[in-house]
Amino acid sequence: MRRVLIATSNPGKLRDFAGAARAHGIEIAGIPNLASLPTVVEDGATFEQNARKKAEEYSRYVPGEIVVADDSGLEVDALNDEPGVHSARYAAPDLHGKQPHEADANTDDEANNARVLRELKNVPPEKRTGRFVCVLAAACEGKTLATFRGTVEGIILDMPRGTNGFGYDPLFYFPQIRKTFAELSAEEKSRHSHRGAAFRAFLDWYDQSLHSSDACF
Ligand code: IMP
């Protein structure tokens, strides 16, 4: 079976990718010993910059393999698209007294969700629009081959709902099927999510590139 390595240690993301890849007959695996490799600092100003940086750096450790890295987050219109690239550290001011871009560790989902709820406290339902964004970069031996973007539009609730998923899923209401992302099964999430959309674009590109002369195909 063809194999693609994903540069993430987040089991929620791996689950999302594996669901979509199964239908294409592609095996998804994490990068071996990812935790022991030097951490890639996600200091880009855009999702694209961070995804490329991670894919390029990690692909150097596994020559001959396609490495996919993602950067993703929640953009809230009423918060000028924050948390955005700072989604994983949004609660840093609350927990560490530092701005998210200065923080050296992720903050936990509960604290991140609490900050979003606080920032949106007086924002009425019709103005609580936002989207999840996911950008994937596929790299081989230190070079980005292509990037893919997926988005999904939703509404930020005023309290969490559902227990599946991770991150901001319990606050993200998806009107199309009247559920939050934390109320979706893994299959439903991969069908509707930003990560699913970006990954399907990657899979189409991967199928079309199979006969390319690149060393990783
Ligand atoms: P990354 O690991 O730097 O891409 O950080 C992404 C952060 O954005 C995560 O820690 C979550 O807080 C949030 N996020 C991204 N995708 C999702 C999703 O599918 N559901 C919920 N939260 C997400």
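Me: What makes β3 stand out in the shell around the ligand in this predicted model?
Reply: β3 gives the most to that shell, with 3 residues. The elements that give two or more residues to the shell are β3 and α6 (194–209).

Me: Which residues come nearest to the ligand?
Reply: The shell holds 15 residues, and those that come nearest are Lys13, Asp169, Lys189, His194 and Arg195.

Me: What makes the pair formed by the ligand and the side chain of Arg195 a polar contact?
Reply: A polar contact needs a pair of N or O atoms within 3.5 Å. An N or O atom in the side chain of Arg195 is 2.8 Å from a nitrogen atom of the ligand, so the pair meets the cut-off. The side chain of His194 has an N or O atom 3.2 Å from a nitrogen atom of the ligand, and that pair also counts as a polar contact.

Me: Which part of Ser72 lies 3.0 Å from an oxygen atom of the ligand?
Reply: The atom is a backbone N or O atom of Ser72. At 3.0 Å, this pair is a polar contact too, because the cut-off is 3.5 Å.

Me: How much of the accessible area of the ligand does the protein cover?
Reply: On its own the ligand has 490 Å² of accessible area, and the protein covers 92% of that.

Me: Where does the ligand sit?
Reply: The ligand sits in the largest pocket. That wording requires more than half of its atoms to lie within 2 Å of the grid points of the pocket.

Me: How do you know that β1 and β2 pair?
Reply: Two strands pair if there are at least two bridges between them. β1 (residues 2–6) and β2 (residues 26–30) have 5 bridges, in the parallel sense, so they pair. One of the bridge partners is Ala29 in β2, which faces Leu5. Between the two strands the chain passes through helix α1 (residues 11–22), and this β-α-β crossover is right-handed.

Me: What makes β1 and β3 a pair?
Reply: 2 bridges join β1 to β3 (residues 67–76), and at least two are needed, so they pair. The two strands run parallel. In β3, Leu5 has Val67 as its bridge partner.

Me: Why are β2 and β7 called edge strands?
Reply: The open sheet has 7 strands in the order β2-β1-β3-β4-β5-β6-β7, with mixed pairing. β2 and β7 (179–180) each pair on one side only, and this is what the term edge strand describes.

Me: Which strands run antiparallel to β5?
Reply: β4 is joined to β5 by 12 bridges, and these strands run antiparallel. Thr129 stands opposite Ile155 in β5. β6 (residues 172–174) is joined to β5 by 2 bridges, also antiparallel. There Ile156 has Phe172 of β6 as its bridge partner.

Me: What makes Glu141 notable?
Reply: Phi of Glu141 is near 50 degrees, a positive value in a residue other than glycine. Most residues other than glycine have a negative phi. Glu141 is in the turn of the hairpin formed by β4 and β5, which has 2 residues between the strands.

Me: How do you know that the peptide bond between Glu82 and Pro83 is cis?
Reply: Omega of the bond that joins Glu82 and Pro83 is about -5 degrees, and the bond is a cis peptide bond. Most peptide bonds are trans. Pro83 lies in the loop between β3 and α3 (92–96).

Conventions: Residues numbered from 1 in each chain as written. Predicted model: local features only at pLDDT ≥ 70, side-chain atom pairs only at ≥ 80, totals over all residues. Heavy atoms only, no water. Helix = DSSP H or I, 4+ residues; strand = E, 2+ residues; numbered from the N terminus. Right-handed = clockwise from strand over helix to strand, strands pointing away. Near = heavy atom within 4 Å. Polar contact = N/O pair within 3.5 Å; in protein donor to acceptor, adjacent residues only side chain to side chain. Areas by Shrake-Rupley, 256 points an atom, 1.4 Å probe, with all protein chains shown as cover. 1 Å grid on protein atoms, 1.4 Å probe; cavity = no way out; pocket = protein on both sides within 12 Å on 5 of 7 lines; lining within 4 Å.
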